[in-house]
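This briefing goes through one protein model by topic, from strands and helices to backbone geometry, cavities and cysteines. Please keep the structure open while reading.

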Amino acid sequence: MDDEIVGGTAIEIAESVRRLLDRGALAPGDALPPVRALADRLHVNRNTVMAAYGQLARAGVVVTRGRGGTSVADRAPVAQEGFASDSVLRDVGTGNPDPDLIPDPSAALARVAGRPVLYGEPVIDPDLAAWADAWMRDAVDPALPFGLTVTSGASDAIERLLAQALTRDDAVALEDPCFLASIHTVRLGGYRPVAVPVDDEGMTVDGLRSALADGVRAVVCTPRAQNPTGASLSARRAQELRAVLADHPYVLVIEDDHFAMLSSRPYHSLIGPGHRRWALVRSVSKFLGPDMCLAIAASDPRTAERLAMRLTPGTTWVSHLLQRLTHALVTDEGVLAGIAEAGAHYAERNAAFAARLTAHGVPAAAGDGLNLWVRVPFAARDVTERLMRRGWLARPGDEFVLGDDDAAHHLRLTVHDLDDEDAEQLATDLAAAVRAGDLVRKVG
């Protein structure tokens with residue numbers, strides 16, 4: 001009996017399946033009992049079993065195939081950001097900032113030690129709090145009061161924000177294609193991702209409206225430099241999205257403005273003046289380096305209070321040494337000038353490579369951010385395989401997909417650190433890979 005599904009309600013049956021998975025009694029691909037057979041064995045209505053299977057399907061635990069029955073989903077690991085350390089190929093899919101453009105912290109380190117910080121002290125360092133308040137106040141609607149919290153990076157902030165507001169199986173609206181860390185966070189949290197398409201102006205209005213009708217309890221949006229597409233919200237699109245959200249003031253809206261100080265695009269928010277549950281998250285990892293695991297979250301006072309409760313001083317807070325170092329860097333005029341130069345560099349190099357590709361017959365346009373989102377005429381994995389034979393490791397768009405099949409016809413390329421010679425070689429090789437693939441398709 002320990003290895004059988006039990007329960008008298010839909011919730012109990014679904015939890016029983018989860019326990020069997022946790023113990024290894026069920027594995028990916030295993031078939032669950034037919035609805036009628038399980039209902040008869042448990043002496044419950046068939047609708048009860050169907051409701052349990054429905055809960056599990058919405059959470060991505062099982063897959064239902066109509067007459068083909070229901071089976072345990074193959075929960076393949078989500079692809080991760082970063083370079084491939086075990087490859088000899090030239091990696092152009094890393095999503096990393098240029099290490100040569102990350103400020104050197106050595107001079108600031110000597111100035112920030114100060115006195116020891118003890119248990120019971122404020123979670124956010126006073127100097128950083130004062131600077132962050134001004135940084136966020138420029139972006140937040142004046143009608144919205146807010147509190148500040150510091151977390152160990154943007155993904156940590158989003159995970160904590162979702163955890164303080166949602167329960168398992170709650171639905172979360174995510175951009176599609178989606179940032180890998182957001183997919184990972186939602187799946188690990190046991191939430192149900194709902195895809196919202198992204199176009200050149202950001203999250204689509206119809207997509208958000210559909211997600212809200214589907215019962216999402218939270219929305220995660222990137223207002224600019226959306227990863228992987230590089231899209232940024234236009235003023236018009238942001239206004240339209242705020243109008244849609246006006247009827248849903250208690251849906252938690254999280255804006256991940258990860259590229260803030262480097263962005264070449266204006267910041268437009270979908271958080272309106274009447275919204276009740278919201279958070280704006282800005283990390284420093286893109287301009288101060290990924291190892292500076294720190295983000296600032298400005299949120300409505302109730303959310304800020306609940307978020308702070310999850311950051312216990314001395315155990316889960318962010319080191320005050322790191323906070324002081326961050327403050328020292330972001331208030332240094334030389335560092336700020338370097339950050340501005342880095343942002344201009346990323347924009348210029350991406351635009352130059354897009355122009356090279358277009359000249360080689362692969363139309364491309366640069367958005368905002370560290371990467372380029374390049375459409376190819378067939379499955380991008382075919383292109384990546386051909387590029388590997390030429391010495392390049394690229395990232396196919398299907399790794400970022402929730403439901404948008406068109407994303408599988410894209411490459412996400414990180415090219416800002418290529419010199420002109422290497423950039424020309426990659427453009428030449430990519431165009432050749434596309435032509436070869438086209439030829440194979442025509443012959444076939």
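How many bridges join β4 to strand β11, and do the two run parallel or antiparallel? The model is a predicted one, and in it β4 and β11 (residues 295–299) run antiparallel and are joined by 5 bridges.

**Strands and sheets**

- Within the pairing of β4 with β11, Thr 149 has Ala 297 of β11 as its bridge partner.
- Strand β4, which covers residues 147–151, is mostly covered, with 4 of its 5 residues buried.
- Elsewhere, 3 strands form an open sheet in the order β12-β15-β14, and their pairing is antiparallel.
- The edges of this open sheet are β12 (372–375) and β14 (395–396), and because each has a single partner strand, one side of each is left without a neighbour in the sheet.
- Between β12 and β15 (residues 410–413) there are 4 bridges in the antiparallel sense, and one bridge partner pair is Val 374 with Leu 411 of β15.
- As a general matter, strands of a sheet pair through backbone hydrogen bonds, in either a parallel or an antiparallel way.

**Helix α6**

- Helix α6 is made up of 12 residues, 154–165, and spans 17 Å from its first C-alpha to its last, which is close to the 16 Å expected at 1.5 Å a residue.
- Since 9 of its 12 residues are buried, α6 is largely enclosed by the rest of the structure.
- The buried residues of α6 include the nonpolar-named Ala 154, Ile 158 and Leu 161, and also Asp 156, Arg 160 and Gln 164.
- Glu 159 also lies in α6, but it counts as partly exposed because its relative accessibility is 46%, and its C-alpha is 9.3 Å from that of Leu 188, although the two are 29 residues apart in sequence.

**Backbone geometry**

- Most residues other than glycine have a negative phi, and most peptide bonds are trans.
- A cis peptide bond with omega of about 5° joins Asp 176 and Pro 177, and Pro 177 sits in the loop between β5 (171–176) and α7 (180–188).
- A cis peptide bond is also found between Asn 227 and Pro 228, with omega of about 25°, and Pro 228 belongs to the loop between β8 (218–221) and α9 (235–245).
- The loop between β8 and α9 also holds Ala 225, whose phi is positive, near 55°, and which counts as buried at 2% relative accessibility.
- His 43 has a positive phi near 60° and is placed in the loop between α2 (35–42) and α3 (46–58), where it counts as exposed because its relative accessibility is 72%.

**Cavities**

- The whole structure contains 6 cavities of 30 Å³ or more, and the largest cavity holds about 80 Å³ of space.
- Of the 13 residues that line the largest cavity, those closest to its centre are Ala 225, Asn 227, Gly 369, Leu 370 and Asn 371.
- The lining of the largest cavity divides into 8 polar, 3 nonpolar and 2 charged residues.

**Cysteines**

- A search of the whole structure gives 0 disulfides.
- For Cys 178, the closest cysteine sulfur is that of Cys 221, and the separation of 11 Å is too far for a bond, given that a disulfide requires sulfur atoms within 2.5 Å.
- Cys 178 counts as buried, at 2% relative accessibility, whereas Cys 293 is partly exposed, with a relative accessible area of 38%.

Definitions and conventions: Residues numbered from 1 in each chain as written. Predicted model: local features only at pLDDT ≥ 70, side-chain atom pairs only at ≥ 80, totals over all residues. Heavy atoms only, no water. 1 Å grid on protein atoms, 1.4 Å probe; cavity = no way out; pocket = protein on both sides within 12 Å on 5 of 7 lines; lining within 4 Å. Points joined across faces, edges and corners; volume = space filled by probe spheres on them. Buried < 20%, exposed > 50% of the residue type's maximum accessible area, 1.4 Å probe, protein only. Pairing = 2+ DSSP bridges. Expected span 1.5 Å × (residues − 1).
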